[in-house]
Amino acid sequence: MSRQEYNAFREMLRRKAYAEAAAFAEQQTVESPGPNAFWQTQLSLALAGANRTGEAVRAADTALEIEPDNTFALRARAQALYANHDYEAALQDFRELERHSRFREYAGRGVLRCLNRLGHWQELLDCLERRDLSPRESAAWRAYALAGLEQTEAAVEACRRWLAFDPDQPRALWLLADLEIAQEGLPSVLKRMGRLARIPSRPTVYREIYASLCRRAGRDERAIEVYENTVADETDAPRLRRRQAFALAKNGRELEAVPIMEELLRQNPKDHYVHSAYTAACRRAGRLERALEFYQRLLAERPEQKNLYGWIRRVERTLETTHAADADPDSTR
């Protein structure tokens with residue numbers, strides 16, 4: 001391996017050109033005179049970045065077959081397993097990696113993330129006692145663990161400590177809202193969040209939480225209004241546009257939701273939930289032909305997004321079923 005090749009690869013990762021980086025790393029493995037754990041590890045990192053997590057795990061496995069003691073390959077596999085939602089296997093790798101001083105701090109955080117994902121709340125609390133974390137980080141993990149154990153009062157206290165270190169922290173505010181609802185009930189928290197959401201100097205997350213609580217309270221029209229006003233203030237807010245689109249579709253306003261979903265899918269063609277909501281909204285609104293045309297245009301613009309073929313086939317099958325039902329005189333549809 002030359003330094004020039006590696007620098008070129010790192011530049012691809014820096015630009016988030018993960019598909020290009022994966023192809024480059026794979027070419028290096030092919031051109032290597034023998035099994036090459038280094039480039040298999042780099043391939044794993046690039047594949048994980050490209051959201052090809054199953055392939056990333058296999059590349060890291062190959063690197064570890066070549067060099068079983070390669071800690072960089074072990075780290076790559078732990079990352080890929082976590083990204084692939086295989087938290088039990090990732091936990092094992094992070095624990096193994098924690099034995100190596102070079103990666104101890106990184107692996108320790110990986111252990112905490114896995115325990116959190118697995119819902120091993122008591123084990124997470126026990127881990128916190130053995131680790132030298134900052135008060136802020138400790139309060140955050142403790143809040144999640146105590147909430148999972150349904151120790152609501154203690155979880156609220158931990159959440160407020162977290163917010164004392166990091167005011168307006170979105171994850172803390174979302175968690176605190178859920179905990180306070182468990183304590184006080186939805187109407188009380190909804191009223192308080194409504195007051196906070198009306199303060200112009202408050203970050204967007206307060207309005208986002210308020211809109212979400214409105215939806216939980218069955219006040220869909222108010223939620224849509226809040227999303228519209230918030231999106232108007234935040235020109236680059238795909239997350240809020242996403243919530244707005246879901247709220248519109250749920251409230252029977254599919255024709256308003258569909259263009260927003262198309263905009264979101266142009267920005268992120270991999271968003272499975274938006275794809276599902278979009279095709280369902282088009283079906284309910286009788287706009288499946290529009291969906292097919294949209295997907296065909298999007299694929300022409302983004303040919304590397306192979307997942308679009310699946311959505312095209314799904315829409316085509318639904319259209320075929322719909323046309324067959326329309327043509328059947330005995331149909332009870």
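**Exercise 1. A bridge from arginine 253**

Find the salt-bridge partner of arginine 253 and say which parts of the chain the pair connects.

*Solution.*
- Step 1. Arginine 253 pairs with glutamate 221, and their closest N and O atoms are 2.8 Å apart. The model is predicted.
- Step 2. Place each residue. Arginine 253 sits in the loop between helix H15 (238–250) and helix H16 (254–267), while glutamate 221 belongs to helix H14 (residues 220–233).
- Step 3. The two are 32 residues apart in sequence, so the bridge ties together separate parts of the chain.
- Step 4. Check the accessibility of glutamate 221. Its relative value is 46%, which makes it partly exposed.

**Exercise 2. A bridge between two loops**

Locate glutamate 98 and arginine 131 in the chain, then classify each as buried, partly exposed or exposed.

*Solution.*
- Step 1. Confirm the contact. Glutamate 98 and arginine 131 form a salt bridge, with 2.4 Å between the closest N and O atoms.
- Step 2. The pair links distant parts of the chain, 33 residues apart. Glutamate 98 is in the loop between helix H6 (87–97) and helix H7 (104–118). Arginine 131 is in the loop between helix H8 (121–130) and helix H9 (135–148).
- Step 3. Apply the cut-off: buried means under 20% relative accessible area.
- Step 4. Glutamate 98 has 18%, so it is buried. Arginine 131 has 21%, so it counts as partly exposed.

**Exercise 3. A bridge within one helix**

What separates glutamate 157 and arginine 161 along helix H10?

*Solution.*
- Step 1. The two side chains meet in a salt bridge, at 3.3 Å from N to O.
- Step 2. Both residues lie in helix H10 (residues 152–165), four residues apart. They are therefore separated by about one helical turn.
- Step 3. Add accessibility. Glutamate 157 is partly exposed at 49%. Arginine 161 is partly exposed at 34%.

**Exercise 4. The whole tally**

How many salt bridges does the structure hold, and which residues are linked in a network?

*Solution.*
- Step 1. The structure holds 30 salt bridges.
- Step 2. Glu11, Arg14, Arg15 and Glu20 are linked in a network of such bridges.

**Exercise 5. Cysteines**

How many disulfides does the structure hold, and are cysteine 214 and cysteine 282 buried or exposed?

*Solution.*
- Step 1. Recall the chemistry. A disulfide covalently joins the sulfur atoms of two cysteines.
- Step 2. The structure holds zero disulfides.
- Step 3. Cysteine 214 is buried, at 0% relative accessible area. Cysteine 282 is buried, with a value of 0%.

Technical notes
Residues are numbered from 1 along each chain as its sequence is written. This is a predicted model: local features need pLDDT of at least 70, side-chain atom pairs count only at pLDDT 80 or more; totals for chains, interfaces and linings use all residues. Side-chain values use heavy atoms; hydrogens and water are left out. A disulfide is a pair of cysteine sulfur atoms within 2.5 Å. Buried means under 20% relative accessible area, exposed over 50%, partly exposed in between (1.4 Å probe, protein chains only). A salt bridge is a side-chain nitrogen of Lys or Arg within 4 Å of a carboxyl oxygen of Asp or Glu.
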